[in-house]
Amino acid sequence: MAVRLLSKIKLLPELRGAAYLSAAAAPAELSDFEVQHKTPVIRKQKLIPVAQYGGRHAVTMLPGGGIGPECMGYVRDIFKYIGAPVDFELVDIDANVDNDDDVQYAITTIKRNGVGIKGNIETKSEAAYVTSRNVALRNELDMYAYVLNCKSYPGVTTRHKDIDIVIIRQNTEGEYAMLEHESVRGVIESMKVVTASNSERVARFAFEFAKRNGRKKVTTVHKANIMKLSDGLFLETSRRMAQEYPEIEHNDMIIDNCCMQLVAKPHQFDVMLMTNLYGSIVSNVVCGLLGGAGLLSGRNYGDHYAVFEPGTRNTGTAIAGKNIANPIAMINASVDMLEHLGHHFHAGLIRRAVEKTINVDRVLTPDVGGTASSTEVVNSILGNIGRR
Amino acid sequence: MSLITRNVFRTLVQGSQHVSKGLHTSAVNADKNVCFAPFSMSSLQTSKEGRIKCTLIPGDGVGPELVYSVQEVFKAASIPVDFEPFFFSEVNPTLSAPLEDVVGSIARNKICIKGILATPDFSHTGELQTLNMKLRNALDLYANVVHVKSLPNVKSRHHDVDCIIIREQTEGEYSALEHESVPGVVECLKIITAAKSERIAKFAFDYAVKMRRRKVTAVHKANIMKLGDGLFLRSCEEMAKLYPRIEFEKMIVDNCTMQMVSNPNQFDVMVTPNLYGNIVDNLASGLVGGAGVVAGASYSADCAVFEQGARHVFSGAVGKNIANPTAMLLCSANLLAHVNLHSYSKMIKNAINKVLADGKVRTKDLGGQSTTLDFTHAVIHSLDHHQ
């Protein structure tokens, strides 16, 4: 495949020339989106041309269930207000149907757009053959790394101040392999799958991320004292990878101790690398430390695709439609998306406005100790855009 | 949200209204209104705060007259766009700006509005590439979009035509590879590549998704050119699999042209290789009123160049003040929509529709006696600042 790709590039000198020319005329710095789509890597999938036309990107939007649709509405309002060069392709997924048509369609749209933003998609069906939609999406798109940037907002009252942790989580295997069976009546086995290739990919991702963002330390979280083979492999892989990055400090920590350390002394952590289930637990712990589910945003990365979502993957069905949901998480996800696409100017505009709303104006929803409604928060952000 | 936008807009526009009434003074105090889109244009080149820079190529023939009409309307509507004009022409090479300058400007500004460049039938220098082709290749403007839409009160044989024709314009017959292998035998190479065919097919489908269209028709001649057009067709079929909710059909180009003149309403989005696209564009434009009323645009990944849909220089009308500026004005409205200035875009489009629907001011091509300038002024007077 790679050979075929290379020969294709050779066959098209005018294509390459054109790319260089426009690259030379445009700013030289490549966005993450461009790195994903332009750098020659060995591709497992067939190359699909990029959905970028006249400087505008097409992005799949999956509102999901619960508070998703209203939060997406706020994101669209803000994007419209600042004129972000992004066209959303809206795909609704019906949570109640038993088939996977909508999910498959959503996956297809992300494949052709390369980028998506999503709320949490509900899976109401209890049938065993209907897999969790969120997991299906990640697995199908092979988005092996999940990044959660946990940074304190000074305007939100919490027990710990100035936390700045990045959680990187293996996103496609481990306990989420969805392989369970009843071998003997009354005995159910659930498989946790750890592969060397996926461990290596996510470890490299973590160290590259640390290097590119000027981070000092990577902590691998595991339970290799009990699961000596599976978690052992993960730990071993990350140790091996650490040797390639001598400038970054590497240590490891057992998951139970890690949780205790997190709530007691969170400042010792910088970048954290872990397998799937531990990542789910740890990211919720850290989100709790920083003010709950409504603030942080997470990013799913694969070799070709990126999907952005609120950090803790809560649906928020109970507070849907009451105008009290915290829109910040989804707005932060949209900022991440703009940065990924290379629209740093627009991303900066929104980020500064959000920070001003939270830290200076203190317009907050009830979940982080305020009294404002969702729309008041959004209006405050809109008002703060472009204001120093 | 829409309320906020509307109110901001209204106050700004009210401030500038006296200006639009006395429009021929041309000194429009646009600086007062700079803050409507203060932060919208980052990636686009902004000159003063909140103003957008746009490359302007008047072109040959009636191009300069039409471009003047656009500039007048922009001034009257106080649209925060600054033009960076370049005289660019193949038939007048001594005065023409160098290609690199124009390409650099468009790459910087990301947007351009362009009249038609005349292309002579012969080549003095022996070079086969026209200036148009050079510009497209340099910027990689691979996709040409022509939206053929019936306009109100424009007499034509068909009504409610509304189709989008998307044309690959960097390869195919336009590769400028011709040679005389034996005296008296000329070979012209038509190049079709999988990469570019997939790219244009994806563009067409993505455009259909964006515009909420239901069907994409691939136009080809694969029954004769089994390999070349066959590759194009296969690439389209391949891409269609990624769009299960859009209908895909294929049609041979000769049948397509017949269908187009007999039953154009069956078409929605069409995707074509280079030469067929050119023919179908012009044919479809003829259905709805001619070259003067159809807008088009060319896209690369980063830039968008807005130009007339059917490319005619109309050199017979130079200086006579009779050309129809509708197409160029529609182009400018599309440009504004592209850079997120939707309310301005709608303002211009509504004004054009109103003038056409009234039917009092018509240029010669639509059966009237009005001049280009009359039409422009009619549009300016119909601008509704209160939207």
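What share of the 388 residues in chain A is made up of buried residues? In this predicted model, buried residues account for 55% of the 388 residues of that chain. The views below begin with chain A and then turn to chain B.

**View 1. Chain A as a whole contains 13 helices and 13 strands.** Among the contacts in chain A that link residues at least 6 apart in sequence, 75% join residues at least 24 apart. The following two views take up one strand of this chain, β2(A), together with the elements that pair with it.

**View 2. Strand β2 of chain A, residues 56-62, is mostly covered, with seven of its seven residues buried.** R56(A), A58(A), T60(A) and L62(A) point one way from the strand, while H57(A), V59(A) and M61(A) point the other way, and the residues of both sets are buried. Strand β1 of chain A, residues 52-53, pairs with β2(A) in the antiparallel sense over two bridges, and in this pairing Y53(A) stands opposite R56(A). The hairpin formed by β1(A) and β2(A) has two residues between its strands, and in it G54(A) takes a positive phi near 55°.

**View 3. Strand β2(A) also pairs in the parallel sense with β3(A) and with β4(A).** The pairing with β3, residues 86-90 of chain A, runs over five bridges, and here T60(A) stands opposite E89(A). The pairing with β4, residues 115-118 of chain A, runs over three bridges, and here T60(A) stands opposite G116(A). Helix α4, residues 68-82 of chain A, joins β2(A) and β3(A) in making a right-handed β-α-β unit.

**View 4. Two loop residues, D142(A) and S78(B), have positive phi values although neither is a glycine.** D142(A), with phi near 55°, lies in the loop between α6 (133-140) and β5 (145-151) of chain A. Because its relative accessibility is 18%, D142(A) counts as buried. In chain B, S78(B) has a phi near 50° and is found in the loop between α3 (63-76) and β2. The relative accessible area of S78(B) is 5%, and so this residue is buried.

**View 5. An open sheet of 10 strands in chain B has mixed pairing.** The order of its strands is β2-β1-β3-β12-β11-β4-β5-β10-β8-β9. Strands β2 (81-85) and β9 (247-252) stand at the edges of this sheet with a single partner strand each, so that one side of each is left without a neighbour in the sheet. On average, and with direction ignored, neighbouring strands of the sheet are turned by 25° against each other. Helix α8, residues 253-262 of chain B, packs on the sheet and touches β5 (162-168), β8, β9 and β10 (269-272), and its direction makes about 105° with that of β9(B). Strand β1, residues 52-57 of chain B, runs parallel to β3, residues 111-114 of chain B, and is joined to that strand by three bridges. The bridge partner of L56(B) in β3(B) is I113(B).

**View 6. K215(B) is placed in strand β8 of chain B, residues 215-220.** With a relative accessible area of 13%, which is under the 20% limit for a buried residue, K215(B) is buried. When residues up to four places away in sequence are not counted, K215(B) touches I246(B), E247(B), E249(B), Q266(B), D268(B) and V269(B).

**View 7. The largest nonpolar core has 96 residues, and F203(B) is one of those that touch the most other members.** The others named in this way are V148(B), I166(B), M270(B), L336(B) and I348(B). Helix α6 of chain B, residues 194-210, gives the most to this core, with eight residues. With residues up to four places away in sequence left out, F203(B) touches Y53(A), Y142(B), A143(B), V145(B), I166(B) and Y299(B). A second, separate core has 87 residues and includes V115(A), Y146(A), I165(A) and A210(A). In soluble globular proteins, nonpolar side chains tend to be buried together.

**View 8. In chain B, an unreviewed UniProt entry lists residues 51-379 as "domain: Isopropylmalate dehydrogenase-like".** This span is 39% helix and 19% strand, and its end C-alpha atoms lie 23 Å apart.

Definitions and conventions
Residues are numbered from 1 along each chain as its sequence is written. Chains are lettered from A and ligands numbered from 1 in the order in which they are written. This is a predicted model: local features need pLDDT of at least 70, side-chain atom pairs count only at pLDDT 80 or more; totals for chains, interfaces and linings use all residues. Side-chain values use heavy atoms; hydrogens and water are left out. UniProt positions are given in the numbering used here, feature names are shortened, and annotations may be inferred rather than shown by experiment. Helices (H or I, at least four residues) and strands (E, at least two) are DSSP runs, numbered from the N terminus. A nonpolar core is a set of buried Ala, Val, Leu, Ile, Met, Phe, Trp, Tyr and Cys residues joined through side-chain atoms within 4.5 Å. Buried means under 20% relative accessible area, exposed over 50%, partly exposed in between (1.4 Å probe, protein chains only). Contact means heavy atoms within 4.5 Å. Two strands pair if DSSP finds at least two bridges between them. Axes are lines fitted to C-alpha atoms, for helices over the stretch in contact, and angles run from 0 to 180 degrees between N-to-C directions. A crossover is right-handed if, with the strands pointing away from the viewer, the path from the first strand over the helix to the second runs clockwise.
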